[in-house]
Amino acid sequence: MQSSIETYSKLLGASAGPPTLVSNQKVTVCFLPLDSGSFLELVCPQPDATALLALLQAGQSFYHLAFKSNDLQNKVDELAEQGYDVLTIFRSEAFDNALCVFLKTPGGELIELIEEVQVHE
């Protein structure tokens, strides 16, 4: 992961955040900020992340797109009605324990929705 952090930091002119273990997904992730609130997430599988390791061994390096949602359940319901398959729901240490959902699009691509926590003052 360190060589990827160095490569993309130089390429994007961005400083990477600290690597974070997401234990229930069996990966370590690291984020590099992009323009307008977007970011690049680098994902490094742990030795027992067999599904992700199989993708990497098959030559796939692009994993998924992720989107924040301030109305996660309604968005999941809407996408399910459009033929998206809900794969897994979990809380992620990488997003301050926010609720996350992986879905497969009707075309077979993987997306992640991340609960955007609203701060009330």
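**Close-up views of a predicted model**

**View 1. The largest pocket and its lining.** Strand 3 supplies the largest share of the lining of the largest pocket, namely seven residues. The structure shown here and in the following views is a predicted model. The volume of the largest pocket is about 750 Å³. Its lining comprises 25 residues, of which Leu40, Glu41, Leu42, Val43 and His64 are the closest to the pocket centre. Two or more lining residues are given by each of helix 1 (2-12), strand 3, helix 2 (50-57) and strand 4 (65-69).

**View 2. Leu40 in its setting.** Leu40 is placed in strand 3 and is among the residues closest to the centre of the largest pocket. Leu40 counts as partly exposed, its relative accessibility being 25%. Its C-alpha atom is separated by 12 Å from that of Leu11, although the two residues are 29 residues apart along the chain.

**View 3. The open sheet of three strands.** Three strands, in the order 1-2-3, make up an open sheet with antiparallel pairing. The edges are occupied by strand 1 (20-22) and strand 3; each has a single partner strand, so one side of each has no neighbour in the sheet. From one strand to the next, the twist averages 35°. Strand 1 and strand 2 (residues 27-33) run antiparallel and are joined by three bridges. Val22 has Val27, in strand 2, as its bridge partner.

**View 4. The open sheet of four strands.** A further open sheet contains four strands in the order 4-7-6-5, and its pairing is mixed. Strand 4 and strand 5 are the edge strands, each pairing on one side only. With direction ignored, neighbouring strands of this sheet are turned against each other by 25° on average. Strand 5 and strand 6 run antiparallel, with seven bridges joining them. Across this pairing, Ser92 stands opposite Ala98, which belongs to strand 6.

**View 5. The aromatic pair of Phe39 and Phe95.** The structure holds four aromatic pairs. In the pair formed by Phe39 and Phe95, the ring centres are 6.2 Å apart and the planes stand at 45°; the pair is therefore tilted, since that class takes in angles that are neither under 30 degrees nor over 60. Phe39 belongs to strand 3 (residues 39-45), whereas Phe95 lies in the loop between strand 5 (85-92) and strand 6 (98-104), so the contact ties together parts that are 56 residues apart in sequence. Phe39 has a relative accessible area of 28% and is partly exposed. Phe95, at 13% relative accessibility, counts as buried, because the limit for that class is under 20%. Ring pairs also bring Phe31 into a cluster with Phe39 and Phe95.

**View 6. The stacked pair of Phe90 and Phe102.** Phe90 and Phe102 form a stacked aromatic pair, with 5.7 Å from centre to centre and 20° between the planes. Phe90 is in strand 5 and Phe102 in strand 6, and the pair links these distant parts of the chain, twelve residues apart. Phe90 counts as buried at 7% relative accessibility. Phe102 is likewise buried, at 6%.

**View 7. Cysteines without a disulfide.** The structure holds zero disulfides. Cys30 takes part in no disulfide: the nearest cysteine sulfur belongs to Cys44 and is 11 Å away, whereas a disulfide requires the two sulfur atoms to lie within 2.5 Å. Cys30 is buried, its relative accessible area being 0%. Cys100 is also in no disulfide, and the nearest cysteine sulfur, in this case that of Cys30, is 16 Å away. Cys100 is buried, with a relative accessible area of 0%.

Definitions and conventions
Residues numbered from 1 in each chain as written. Predicted model: local features only at pLDDT ≥ 70, side-chain atom pairs only at ≥ 80, totals over all residues. Heavy atoms only, no water. Phe/Tyr/Trp six-rings, centres within 6.5 Å; stacked < 30°, edge-to-face > 60°. Buried < 20%, exposed > 50% of the residue type's maximum accessible area, 1.4 Å probe, protein only. Pairing = 2+ DSSP bridges. Axes fitted to C-alpha atoms, helices over the stretch in contact; angles between N-to-C directions. 1 Å grid on protein atoms, 1.4 Å probe; cavity = no way out; pocket = protein on both sides within 12 Å on 5 of 7 lines; lining within 4 Å. Points joined across faces, edges and corners; volume = space filled by probe spheres on them.
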